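Good morning, colleagues. I should like to take a few minutes on one structure, beginning with a local detail and then turning to the chain as a whole. Please look at the display.

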Amino acid sequence: MQSQGSPILLLAYLHTEMGHLPAADFHLSPLVPSELSISLHYSLEAFEAWRVALGLGAAEAQSGASKSWLTSEGTVDDIPVRMLGFAAEADVAAYMAARESVSA
């Protein structure tokens, strides 16, 4: 657990300073001990709120096996953060279309 200390401290910081954000799933893995993974299900609005609050990069759409999701990665206080947002394929497509129209 020692190698997971930095992401654990980041999670505590997020709890204290960003408690107003929607509930999410948080994952720490011994396979990538320095990384914090955040997953949001069924609400791309919640995904976007977290992505913006953490200052992560633009989301990318992924799909496979009849599932669709968004990914966004970056660092928060030098700690790698990976976000996943799961939603229906149509919702992911609409999210990406809205982001493209904003950047155009």
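In this predicted model, strands β3 and β4 run antiparallel and are joined by five bridges. Strand β3 covers residues 60–64, and β4 covers residues 67–76. To take one residue of this pairing, Glu-60 has Thr-71 in β4 as its bridge partner. The two strands form a hairpin with two residues between them. Within that hairpin, Ala-65 adopts a positive phi, near 50 degrees.

Let me now place the hairpin in its context. Three helices and five strands make up the elements of the chain. Read from the N terminus, their order is α-β-β-α-β-β-β-α. The radius of gyration is 14 Å, close to the 13 Å given by the globule rule for 104 residues, and the chain is therefore as compact as a globular protein of that length. As for its extent, the C-alpha trace spans about 40 × 30 × 25 Å along the principal axes.

How much of the chain is buried? Of the 104 residues, 36% are buried. Turning to contacts between residues at least 6 apart in sequence, 51% of them join residues at least 24 apart.

I close with the surface and the charges. The accessible surface amounts to about 6,300 Å², and carbon and sulfur atoms account for 56% of that area. The chain carries 4 positive and 12 negative charges, and the mean positions of these two sets lie 5 Å apart.

Thank you for your attention.

Note on methods: Residues are numbered from 1 along each chain as its sequence is written. This is a predicted model: local features need pLDDT of at least 70, side-chain atom pairs count only at pLDDT 80 or more; totals for chains, interfaces and linings use all residues. Side-chain values use heavy atoms; hydrogens and water are left out. Two strands pair if DSSP finds at least two bridges between them. Helices (H or I, at least four residues) and strands (E, at least two) are DSSP runs, numbered from the N terminus. The radius of gyration is taken over C-alpha atoms; the globule rule is 2.2 Å times the number of residues to the power 0.38. Buried means under 20% relative accessible area, exposed over 50%, partly exposed in between (1.4 Å probe, protein chains only). Contact means heavy atoms within 4.5 Å. Accessible areas come from the Shrake-Rupley method with a 1.4 Å probe; for residues, only the protein chains shown count as cover. Lys and Arg count as positive and Asp and Glu as negative; His and the chain ends are not counted. The place of a charge is taken as NZ of Lys, CZ of Arg, CG of Asp or CD of Glu.
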